[in-house]
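Subject: Structure for you to look at

Hi,

Here is the structure I promised to hand over. Could you open it alongside this note?

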Amino acid sequence: KKNNKCSILPPGPKAIPFFGNLIQIGTQPHLSIQKLSKIYGGAMSLWFGKVHTVILSSPQYIKEVIVNQSQYSTDRYLMETALIIGENIDILFSNGEYWKKYRLLLLSSMSKLKSHIVLNETISNEAYRLSQCFIELQERVSGDIIIDPIQYFKNFTLNVIMLILYSDRSDYHQDGSQNIVIDAVNYVEKELSVGNMADLFPILKPFFKNSRNNLKSALGRVWDFSEKSIECHRKALLETGKIKDMMDIMLSEIDKMPSDQASFYNNEGLVKVCSDLLISGTETSASTMSWLLVFLVNNPNIQQKIRAELRQVLQDEGMVVADRLEISHRSKTLFFNACIKEVLRIRPVGALALPRVMNHDVTVGDYIIPKGSQVLMNVYGLAMDDTLWVNPEEFNPYRWLNELDTVSQYSDYKNITFGVGSRSCIGSTLAKDEIFLGVGNMILNYNIESINQKPLDEKGHFGIALSPNSYKIKLTKLNI
Ligand code: HEM
């Protein structure tokens, strides 16, 4: 077939029997894939064991495959772990009509939510509770406080989703493990971050039985929690007819449907889809908030500039107690927004997004991606590509203000932290609001430093999300 260019697979490094390219990819796949894609180009073939995988690392190819041929590239690649998480009836890991119907229900419920509850207030109240918990901590030790922010951020982002979905939340605790859902979500994330070799080598399945069972039982706890919450909502809605959160909206939307359509949204599906929101919305936003603190500790001038901007906005509104931001302030803080954009670029927590599978042969440049191949978008590689960004490895929020970077017809596809097309993230606005309020309130009230005057580690580790390594910071209360 070599004479016919269009039937050639994208190029890639030589694969070895059984393992394919897994040894080259190693434990930090975002870094090794970034290096390899510099050699092999915007469409590269790799073998994950026996799974043919194409990595897309150029904006042009992302558009060509994921957008222009979306009818063939929207489905998720479903490995065993994905099937354990969703049992094929969730939103993250389901396909076809089933996925489409649930995605539509979620999106329409999310948009209706805004007219039913004061969504912005719900999120800003929770951000306020987070900053209050640092104040209480400080009063207890009467001086500077030292914290590991990651656990607090997880508690915060989970609370936001729990409030939106179920009108429920849990108090902040320093060890972050007082809540059955946080415990279970932490466990699911831990299991997932280790990766499951049995996904790639089914022959190894018996050796991973324990980890599979542990994952199933952690997920079971999240599902049980969702099931009970949904049942309570059904009862309360019948009794009062009052809409108080997204679950009520979903249930009442389903109630309005003709019975043959309504029966599609059964309890099992709702439980899995809602549990997905708890899992996908917690670690992602919390890790991004933690990354932002890393860069602000390492760049005190930028931290200062954000604080000055936030204070100015509050002062302009005549606010005296400047310890509380609202979402409406977001549109007035150009510099802080640029910092949020920059952290989402420089440390995209979904470094390789979520895998897609081609359900038909798909062309990319002069190559072909055969039906059944897995496709990954190289989100991190695109963000670090020096042909697309000026000094990509530098945390430089000014790039978003000064338009330092080359603008091309494909520039929409070089910064794809939330994915692309009809399968992109449904929580992107929520995530940016959480980062703005959660980190913004901290900067407003505290000077944030490392505990030993040394810069914090900026490399992090690849797991379910690209997360910073655990770190501690010192918070010094500022006089406002
Ligand atoms: C900084 C925070 C976040 C990042 C970087 C992020 C990133 C991503 C990425 C890369 C995808 C895959 C997109 C694709 O295949 O094109 C995705 C999907 C998804 N995200 Fe997020 N996400 C974040 C926060 C959230 C939050 C807060 C929620 C909860 C509401 C959420 C819910 C989802 C869901 C349900 C999907 C699956 C969509 C589908 O398959 O149709 N994410 N996210």
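Where is the place of Cys425? Cys425 sits in the loop between α18 (399-402) and α19 (428-445); helices (H or I, at least four residues) and strands (E, at least two) are DSSP runs, numbered from the N terminus.

Before the rest, a word on the source. This is a predicted model, in which local features need pLDDT of at least 70 and side-chain atom pairs count only at pLDDT 80 or more, while totals for chains, interfaces and linings use all residues. Residues are numbered from 1 along each chain as its sequence is written, and side-chain values use heavy atoms, with hydrogens and water left out.

**The ligand**

Cys425 is the single protein donor to the iron atom of the ligand, with its SG 2.3 Å away. Donors here are N, O and S atoms within 2.8 Å of the metal (3.2 Å for Na, K and Ca); water is not among the atoms, so sites may look incomplete.

Around the ligand there are 27 residues, of which Trp99, Arg103, Arg356, Arg423 and Cys425 come nearest. A residue is counted as near if one of its heavy atoms lies within 4 Å. The shell divides into 14 nonpolar, nine polar and four charged residues, where Ala, Val, Leu, Ile, Met, Phe, Trp, Tyr, Cys and Pro count as nonpolar, Asp, Glu, Lys and Arg as charged, and the others, Gly among them, as polar.

Three arginines have a side-chain N or O atom beside a ligand oxygen: Arg103 at 2.7 Å, Arg423 at 2.8 Å and Arg76 at 2.9 Å. The elements that give two or more residues to the shell are α6 (96-116) and α14 (267-298), and α14 gives the most, with six.

**The sheet**

There is also an open sheet of four strands, in the order β1-β2-β7-β4 and with mixed pairing; two strands pair if DSSP finds at least two bridges between them. β1 and β4 (356-357) are the edge strands, each pairing on one side only.

At one edge, β1 (residues 43-48) has five of its six residues buried, that is, under 20% relative accessible area with a 1.4 Å probe, protein chains only. Six bridges join β1 to the antiparallel β2 (residues 51-56), and Ala43 has Leu56 as its bridge partner. β1 and β2 form a hairpin with two residues between them, and Gly49 in the turn has a positive phi of about 60°.

At the other edge, β4 runs antiparallel to β7 (residues 374-377), joined by two bridges; Val357 is partnered with Gln374.

Best wishes

Conventions:
Buried < 20%, exposed > 50% of the residue type's maximum accessible area, 1.4 Å probe, protein only. Polar contact = N/O pair within 3.5 Å; in protein donor to acceptor, adjacent residues only side chain to side chain.
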